[in-house]
Amino acid sequence: MLSPLHTSSGNALAKNAQSDLRLGAMARFRRWLNICLAEEANHRHEFLFIPVLIAAGAALWFSLPTTPPQWLLFSLSACAIIIVCALFYRTGPISMALKAGALVVLGMVLADGQSRRAGTIILDTPVTTEIAGTVERRELDARGNWRYVVAVKQTSAPQLARAPQKVSLVARSRHEAVAIGASIIGKARLSPPSGPALPGLNDFAFGSYFSGVGATGFFYCAPKIWTDPAGEEQGGTWAGAADRWLYALRSNIANRIRDLIGGDAGAFAASIVTDERRAISGETMEALRISGLAHIVAISGLNMALAAGIFFVGMRTVFSFFPGFSQRWPVKKISAFAALLMTFCYYLISGFAVSAERAWLMMSIMLVAVLVDRPSISVRNVALSAIVIIVLSPNEVMGPSFQMSFAATLALVSGFAAWSRWRGERERPVIAHPPWWLSAAFKCATIIGGVIVTSLIGGLSTAIYSIEHFHRITTYGLAANLAAMPIMSLIVMPFALMGMLLMPFGLDAPFIKVMGYGMAMVIDIATTVSGWGGDVTIGRQNSWFLAVSTTGFLLLALLRTRLALIGLPFVAAGFVLLSAEQWRSKPDFLIYEDGSLVALLNDDAVATTKQRASGFIYDQWARALPLPERHIPADMLDAEKSPDSDDEVGDDSQTGRRSTLTDQAKAKERKEMQRALLKPDGFTCRKNSWCVSKSKIGITVAVVFDTAFAGLACDIANIVVTTRSVPFTTCRSGAILITHETLRRTGSMELWLGDATKPVLTTRAAMLSDNRPWTEHRHYDWRDKSFNTGIPAHIEHLLTGRP
């Protein structure tokens with residue numbers, strides 16, 4: 001009789017339950033949906049979707065094949081402003097949908113504005129010229145070479161009509177490093193940033209365009225100090241001077257750390273302070289990637305949180321030794337303000353990477369929240385930092401750094417919030433005076449459990465983006481993080497912080513060296529774990545995989561009610577797409593965008609025009625497809641047999657030296673090519689002249705490095721690829737001709753082969769856009785100084801699937 005189940009409220013609940021049973025299924029669903037939506041609205045979770053929608057609009061704009069006209073964006077913006085003003089205080093599904101559309105339009109406008117502001121001129125074709133300019137950045141790489149970012153002031157021999165504003169050049173000759181802000185001059189080989197190695201892969205020209213770097217290359221000799229004859233002041237403005245001073249300070253700090261520690265440990269230590277990563281050897285970076293510890297290299301939330309947390313707790317500990325002062329003054333807020341200044345200084349010397357920017361914004365918001373007595377860890381803080389980054393740099397939404405850093409942070413903060421709610425709803429037994437061993441065991445279990453849970457959450461949340469961008473996942477990341485995180489937390493970051501605070505006084509060496517011992521231990525852990533294997537290659541994914549999976553992840557992370565379960569079908573659909581992609585047929589023929597690397601694939605082997613299965617492009621192909629493990633190297637014929645053995649490989653389409661062949665030489669080379677086609681496997685190559693091969697199904701292919709052999713290749717092969725410009729666009733024999741000029745416009749290509757009657761069944765090209773700002777350099781013709789977007793009709797037919 002006294003049971004709470006028999007109260008009047010219980011009777012009311014029972015009546016409501018009975019009335020719910022009388023309602024139809026749709027009515028019950030609507031009632032449940034309204035309750036969930038009301039709870040989400042009460043917690044103002046609609047704010048969390050503002051950065052998501054803006055980012056979606058920016059991603060949509062960057063993914064379009066052509067740039068929308070400004071009048072269209074202006075019209076959409078006007079409509080969006082009117083809609084927002086009219087519906088600002090209204091609720092309901094229609095109002096929310098229109099507001100969401102307005103935010104998407106805002107993202108497109110921000111992306112368009114950033115693209116027009118950048119205005120980077122990208123070099124159209126490789127060239128050797130003499131450049132003179134001002135050093136804006138410098139960084140030491142793993143081989144001891146200096147890489148300079150130079151603001152170009154003039155070019156000569158030849159003078160470039162479309163000279164890029166900035167170039168990134170490596171100086172391989174030993175020399176004393178040139179100071180930031182100094183002017184240099186030297187002969188250099190310049191090349192445009194490379195495009196995607198295959199359709200769907202990363203376009204390096206996109207990042208170069210928004211970073212302002214229009215060409216990459218190397219100096220032939222050590223650059224020399226140059227005096228500008230115009231006598232212009234370096235920098236011109238106080239902002240330029242401050243920028244050069246800041247980067248010079250960053251470079252000096254990195255050099256100091258590398259000199260004190262040395263080796264990969266020193267380069268690794270410098271990277272987590274200044275974000276200069278090029279000095280880390282390729283072997284160590286690969287071990288860090290395979291072991292799942294590569295996130296330590298980037299200045300991200302881990303580094304910033306440890307630095308700020310150690311500084312904050314350290315200051316409060318120091319204040320505790322002065323109880324009189326601590327009782328009179330708000331030492332918690334003083335410590336938070338000091339930590340805020342420290343994290344700002346850390347951000348200034350970090351190189352302004354997006355991961356560092358996101359981490360700094362997050363820590364700043366958290367510390368400001370402490371100053372104003374607000375909750376410091378919340379999903380709203382993540383949303384605020386995302387809005388700031390997207391507004392300032394919309395292009396970052398397309399990169400793995402932005403996606404992976406925010407995915408990990410959002411998952412961790414959302415997981416912490418869910419755990420806090422679950423913990424607060426349950427009563428926990430409390431022991432008034434636990435024994436010391438029980439307290440110690442509880443603390444150890446808490447630390448170990450926290451590392452395990454955070455590693456699992458971070459690894460699972462970033463797996464989508466690791467698969468999409470890097471086409472692989474690590475399976476032993478949990479073990480590596482369990483071993484490395486205590487070292488990072490207890491040795492590396494505390495001593496790094498002390499060393500940086502004492503560096504201005506010259507007392508940093510002992511602390512930096514202890515930090516180096518910790519970094520060496522982390523490298524040993526990475527090397528050991530990477531030796532276990534665990535690097536699973538997934539391959540290139542369906543174009544919808546990222547969008548679908550991200551939608552599911554965001555719904556799960558941003559919603560607090562059971563509406564979050566709506567994200568599960570999206571995640572499941574993403575994994576269905578992932579599985580389905582594994583069954584898609586692989587291409588039979590691959591061509592890199594300059595023709596320098598060509599591959600024929602079959603079920604158990606891959607044959608290339610190179611003698612080694614290595615290199616930046618080949619590694620991308622191997623992960624994206626993935627390629628068979630067995631590689632068939634090119635069989636190189638004796639170079640002396642070539643009638644033009646002194647001719648060089650045609651990698652410079654401007655000067656393009658062409659040899660001429662006599663009738664006797666043509667007949668001899670024809671027989672040599674035909675004899676090479678009788679070999680069962682792989683390419684047969686004449687150095688700097690040609691390569692030929694025959695596929696398993698009988699399709700013959702030829703790669704021509706010297707235009708004198710183009711006609712012969714057309715006569716004996718079904719598919720001909722040239723690395724230089726040729727005077728004709730089609731083969732008189734009917735063979736499919738893919739020239740250097742065609743590859744400039746289409747980018748890398750992949751082909752599915754048929755039979756002798758139809759050699760090519762399907763073709764995909766990496767570059768299909770015509771007028772995007774970061775691709776228009778591919779259509780520029782330096783000879784007549786005009787843009788030409790046309791491609792040969794037979795190539796267009798292959799790309800559109802027409803016979």
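Which residue stands opposite Glu130 in E2? Ser156 does, and the pairing of these strands is described below, after a word on the model.

## The model and its confidence

This is a predicted model: local features need pLDDT of at least 70, side-chain atom pairs count only at pLDDT 80 or more, and totals for chains, interfaces and linings use all residues. Residues are numbered from 1 along each chain as its sequence is written, and side-chain values use heavy atoms, with hydrogens and water left out.

The pLDDT (the predictor's confidence in each residue, from 0 to 100) averages 85 over the protein chain, and 91% of the residues score at least 70. Among the elements, strand E9 (residues 589-591) has the highest mean pLDDT, 96, and helix H1 (residues 8-22) the lowest, 47. In residues 1-15 the pLDDT is below 50, and this stretch has 3 contacts in the model beyond near neighbours in sequence; contact means heavy atoms within 4.5 Å. The pLDDT also stays under 50 over residues 640-657, but here the model has 45 contacts beyond four places in sequence.

## Overall dimensions

The protein chain holds 25 helices and 22 strands. Both are DSSP runs, numbered from the N terminus: helices are H or I with at least four residues, strands E with at least two. Along the principal axes, the C-alpha atoms fill a box of roughly 110 × 75 × 55 Å.

The radius of gyration of the protein chain is 30 Å, which agrees with the value near 28 Å for a compact globule of 803 residues. This radius is taken over C-alpha atoms, and the globule rule is 2.2 Å times the number of residues to the power 0.38.

## Strands E1, E2 and E3

Back to the opening pair: strand E1 (residues 127-140) and strand E2 (residues 146-156) are antiparallel and share 10 bridges. Two strands count as paired if DSSP finds at least two bridges between them. E1 and E2 make a hairpin with 5 residues between them, and Gly144 in the turn has a positive phi of about 85°. E2 also pairs with strand E3 (residues 166-171), again in the antiparallel sense, over 6 bridges; here Arg147 has Val170 in E3 as its bridge partner.

Val152 is a handy residue to look at in strand E2. Leaving aside residues up to four places away in sequence, Val152 touches Ala132, Gly133, Pro164, Gln165 and Val167. The C-alpha atoms of Val152 and Lys166 are 5.5 Å apart, although 14 residues separate them in sequence.

## Two open sheets

One open sheet has 6 strands in the order E12-E11-E10-E9-E19-E20, with mixed pairing. Strand E12 (630-632) and strand E20 (760-765) stand at the edges with a single partner strand each, so one side of each has no neighbour in the sheet. From one strand to the next, the twist averages 20°. Strand E19 (residues 749-753) and E20 run antiparallel and are joined by 5 bridges; the bridge partner of Leu753 is Val760 in E20. Helix H25 (residues 793-800) lies across E19 and E20, at about 90° to E20.

The other open sheet is also mixed, with 6 strands in the order E13-E14-E15-E16-E17-E18. Its edge strands, E13 (635-636) and E18 (736-738), each pair on one side only. Strand E15 (residues 690-694) and strand E16 (residues 700-704) run antiparallel, joined by 5 bridges, with Thr700 in E16 as the bridge partner of Lys694. Helix H22 (residues 663-677) lies across strand E14 (684-686), E15 and E16, running at about 35° to E15.

## A helix pair

Helix H16 (residues 436-470) packs against helix H19 (residues 545-558) at an angle of about 175°, with their axes 10 Å apart. That makes H16 roughly antiparallel to H19. Axes are lines fitted to C-alpha atoms, for helices over the stretch in contact, and angles run from 0 to 180 degrees between N-to-C directions; under 35 degrees counts as roughly parallel, over 145 as roughly antiparallel, 65 to 115 as roughly perpendicular and the rest as oblique.

## Backbone details

Most residues other than glycine have a negative phi, and most peptide bonds are trans. Asp275 is not a glycine, yet has a positive phi of about 70°; Asp275 sits in the loop between helix H8 (263-274) and helix H9 (282-291).

A cis peptide bond with omega about 0° joins Ala157 and Pro158, and Pro158 is in the loop between E2 and E3. The bond from Leu625 to Pro626 is cis as well, with omega near -20°. Pro626 belongs to the loop between helix H21 (616-624) and E12.
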